[in-house]
Structures are given as C-alpha cells and as structure tokens.
Amino acid sequence: MNEPATAIEAAVAASPLHQLKDELDIVIPTIRNLDFLEMWRPFLQPYHLIIVQDGDPSKAIKVPNGFDYELYNRNDINRILGPKASCISFKDSACRCFGYMVSKKKYIFTIDDDCFVS
C-alpha cells in the first residue's frame, strides 16, 4: 500500500516544478482546519505557505505538521495595514489578496481550502 504513495512522492520530488521551491509561495485563504493539506502533501510540502484566515480571528486554525507556513488573521491585517486594512475584504475569500501582498517570492500559486486531489 505504501509503494504507490512513495512512487508518487518520488515522481513529484523529481518534477521540474520543485525547481521553483525558492521562487514560489502558496497562498491559502481559509475558514477551517487545513486537514485537506495531507492529500496535497507530496505536491505542496516543499513550498512556503501563506495562510490567511477568514472570519473569526479568535478561532484557532490547525495546520498539519511538517509544512513551512505563516498564518495571518484579521488582527494581523489590521496591525500591519492600519487604516488601509479595509481594502482587504473578508468573508469572500478575497482575503487571499493579503497573502499576495506579503509574499516575497517571484511566483504565487493559490488554492482554496476545499480543493481535493482527484
């Protein structure tokens, strides 16, 4: 049972896409725990994740172990942007725009928290 996962992980690791590791951030807007990342682990784990929590900032968002990530919520956006924070809307996944803003990488890929590997 472990062989196909290992073969997939090996194929993904050998992929030219992983050459972008230092040039690509993954931005994820979310309102829920990020358990869905487990199925994406072979593809996304090498990259830095910028997670922008939508909704209630007091709710703790759980990220699976082993991912390199930054997690921002509305309080962080208010603190960082001050009076300009209202330009980042919430409750419509447009909060991902904040992730685009804080990324320092050449490329940005975004994925919703309800996207599953087929």
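A salt bridge is taken here as a side-chain nitrogen of Lys or Arg within 4 Å of a carboxyl oxygen of Asp or Glu. The model on display is predicted, and by this rule its count comes to five salt bridges. The tour below visits three of these pairs, together with the sheet and two further residues.

**Stop 1: the whole chain**

Colour the chain by secondary structure. Four helices and four strands should appear, and from the N terminus on their order is α-β-α-β-β-α-α-β. If the 118 residues are then coloured by accessibility, 37% of them are buried. Contacts across the sequence may be shown as well: of those between residues at least 6 apart, 57% join residues at least 24 apart.

**Stop 2: the sheet**

Select the four strands. They form an open sheet in the order β3-β2-β1-β4, with parallel pairing. At the edges are β3 (68-72) and β4 (107-110), each of which pairs on one side only. Viewed along the sheet, neighbouring strands are turned against each other by 25° on average, with direction ignored.

Next, display β1 (residues 24-30) with β4: the two run parallel and are joined by four bridges. Within this pairing, V27 has T110 of β4 as its bridge partner. On turning to β1 and β2, one finds parallel pairing again, here over six bridges.

**Stop 3: strand β2**

Select residues 48-53. Six of the six residues of this strand are buried, so β2 is largely enclosed by the rest of the structure. Show the side chains: H48, I50 and V52 point one way, L49, I51 and Q53 point the other way, and all are buried.

**Stop 4: T30**

Move to T30, which lies in strand β1 and stands opposite Q53 in β2. T30 is buried, at a relative accessible area of 2%. Two polar partners of its side chain merit display: the backbone oxygen of R32, at 2.8 Å, and the side chain of D113, at 2.7 Å. Beyond its neighbours within four places in sequence, T30 is in contact with I51, V52, Q53, D54, I61 and D113.

**Stop 5: R32 and D113**

Keep D113 on screen and add R32. These residues form a salt bridge, with the closest N and O atoms 2.5 Å apart. R32 belongs to the loop between β1 and α2 (37-44) and D113 to the segment after β4, so the pair ties together parts that are 81 residues apart in sequence. Which of the two is buried? D113 is, with a relative accessible area of 8%; R32 is partly exposed, at 36%.

**Stop 6: R96 and D112**

Select R96 and D112. Here too there is a salt bridge, whose closest N and O atoms are 2.5 Å apart. R96 is in helix α4 (residues 96-102) and D112 is in the segment after β4, so this pair ties together parts that are 16 residues apart in sequence. R96 counts as buried at 13% relative accessibility, whereas D112 counts as partly exposed at 29%.

**Stop 7: R41 and E38**

Continue to helix α2, which holds both R41 and E38; they are three residues apart, about one turn of the helix. Their side chains meet in a salt bridge of 2.8 Å, N to O. R41 is buried, with a relative accessible area of 17%, and E38 is partly exposed, with a value of 42%.

**Stop 8: R74**

Finish in helix α3 (residues 74-81), where R74 lies. How far away is the nearest side chain of opposite charge? That side chain, D54, is 6.8 Å away, and R74 is buried yet has no salt bridge. What the side chain of R74 does reach is the backbone oxygen of I88, at 2.6 Å.

To show the surroundings of R74, select Q53, P57, A85, S86, I88, S89 and F90, which it touches when residues up to four places away in sequence are not counted. Q53 was met earlier, as the residue of β2 that T30 stands opposite.

Terms used:
Residues are numbered from 1 along each chain as its sequence is written. This is a predicted model: local features need pLDDT of at least 70, side-chain atom pairs count only at pLDDT 80 or more; totals for chains, interfaces and linings use all residues. Side-chain values use heavy atoms; hydrogens and water are left out. Buried means under 20% relative accessible area, exposed over 50%, partly exposed in between (1.4 Å probe, protein chains only). Lys and Arg count as positive and Asp and Glu as negative; His and the chain ends are not counted. A polar contact is a pair of N or O atoms within 3.5 Å; within protein, one must be able to donate a hydrogen and the other to accept it, and residues adjacent in sequence count only if both atoms are side-chain atoms. Contact means heavy atoms within 4.5 Å. Two strands pair if DSSP finds at least two bridges between them. Axes are lines fitted to C-alpha atoms, for helices over the stretch in contact, and angles run from 0 to 180 degrees between N-to-C directions.
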